[in-house]
Amino acid sequence: MAANNRDLKNKAYETIKERLLDCTYEPGTLLNEARLAEDLGFSRTPVREAISRLESDGFVKIMPKKGIYVSDILLSDVLQIFQTRIEIEPVALRMAAPYLPESELIQFRGK
């Protein structure tokens, strides 16, 4: 039973996180725990635990006696993401290149 509960928490977390990332729940939006549970078809316990985890990850902010707010996207966050991509993607490509078929490498070179 504990594994099933963990699966529900993880499923709730992943589903809500995906909706936050694709802006189904826009920054600044007030979320309702009961409505989330109903939308997901879960009881409130896994949703509550998922929200707690999402708050730890910085996706939402729980304001006592006010509610659960979707965290704002800051320009500094976007800039940090692009800077990280600039640093990581060339390294990832160099590491992957030896494993790519030559035909794909030729195709990439042509673009």
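**Sheet and pocket Q&A**

Student: Let's start with the hairpin formed by E2 and E3: which residue in the turn has a positive phi?

Tutor: This is a predicted model, so take the angle as computed. There are 3 residues between E2 and E3 in the hairpin. One residue in that turn has a phi of about 65°, and it's Lys-65.

Student: How many bridges pair E2 with E3?

Tutor: E2 and strand E3, residues 67-70, pair in the antiparallel sense. Along the way, Val-60 stands opposite Val-70 in E3, and Lys-61 has Tyr-69 as its bridge partner. The bridge count for E2 and E3 is 4.

Student: And which residue in E3 is the bridge partner of Leu-31?

Tutor: Here we're looking at E1 and E3, which run antiparallel and are joined by 2 bridges. For Leu-31, the partner in E3 is Ile-68.

Student: Which strands stand at the edges of the sheet?

Tutor: The sheet is open, has 3 strands and follows the order E1-E3-E2, with antiparallel pairing. Each edge strand has a single partner strand, so one side of it is left without a neighbour in the sheet. That description fits E1 (30-31) and E2 (60-63).

Student: Over to the pocket. Which helix gives the most to the lining of the largest pocket?

Tutor: Two helices, H1 (2-21) and H4 (75-96), each supply at least two residues of that lining. The top contribution is 3 residues, and it comes from H4.

Student: How many nonpolar residues are in the lining of the largest pocket?

Tutor: The pocket holds about 310 Å³ of space and is lined by 14 residues, with Leu-21, Phe-59, Ser-71, Asp-72 and Ile-73 nearest its centre. Split by class, the lining has 2 polar and 2 charged residues. The nonpolar count is 10.

Student: Rings next: how many aromatic pairs does the count come to?

Tutor: For a pair, the ring centres have to lie within 6.5 Å. By that rule, the count comes to 0.

Student: Which residue's charged end sits over the ring of Tyr-13?

Tutor: To qualify, CZ of Arg or NZ of Lys has to be within 6 Å of the ring centre and within 35 degrees of the ring normal. The charged end over Tyr-13 is 3.6 Å from the centre of the ring. The residue is Arg-53.

Note on methods:
Residues numbered from 1 in each chain as written. Predicted model: local features only at pLDDT ≥ 70, side-chain atom pairs only at ≥ 80, totals over all residues. Heavy atoms only, no water. 1 Å grid on protein atoms, 1.4 Å probe; cavity = no way out; pocket = protein on both sides within 12 Å on 5 of 7 lines; lining within 4 Å. Points joined across faces, edges and corners; volume = space filled by probe spheres on them. Nonpolar A, V, L, I, M, F, W, Y, C, P; charged D, E, K, R; others polar. Phe/Tyr/Trp six-rings, centres within 6.5 Å; stacked < 30°, edge-to-face > 60°. Pairing = 2+ DSSP bridges.
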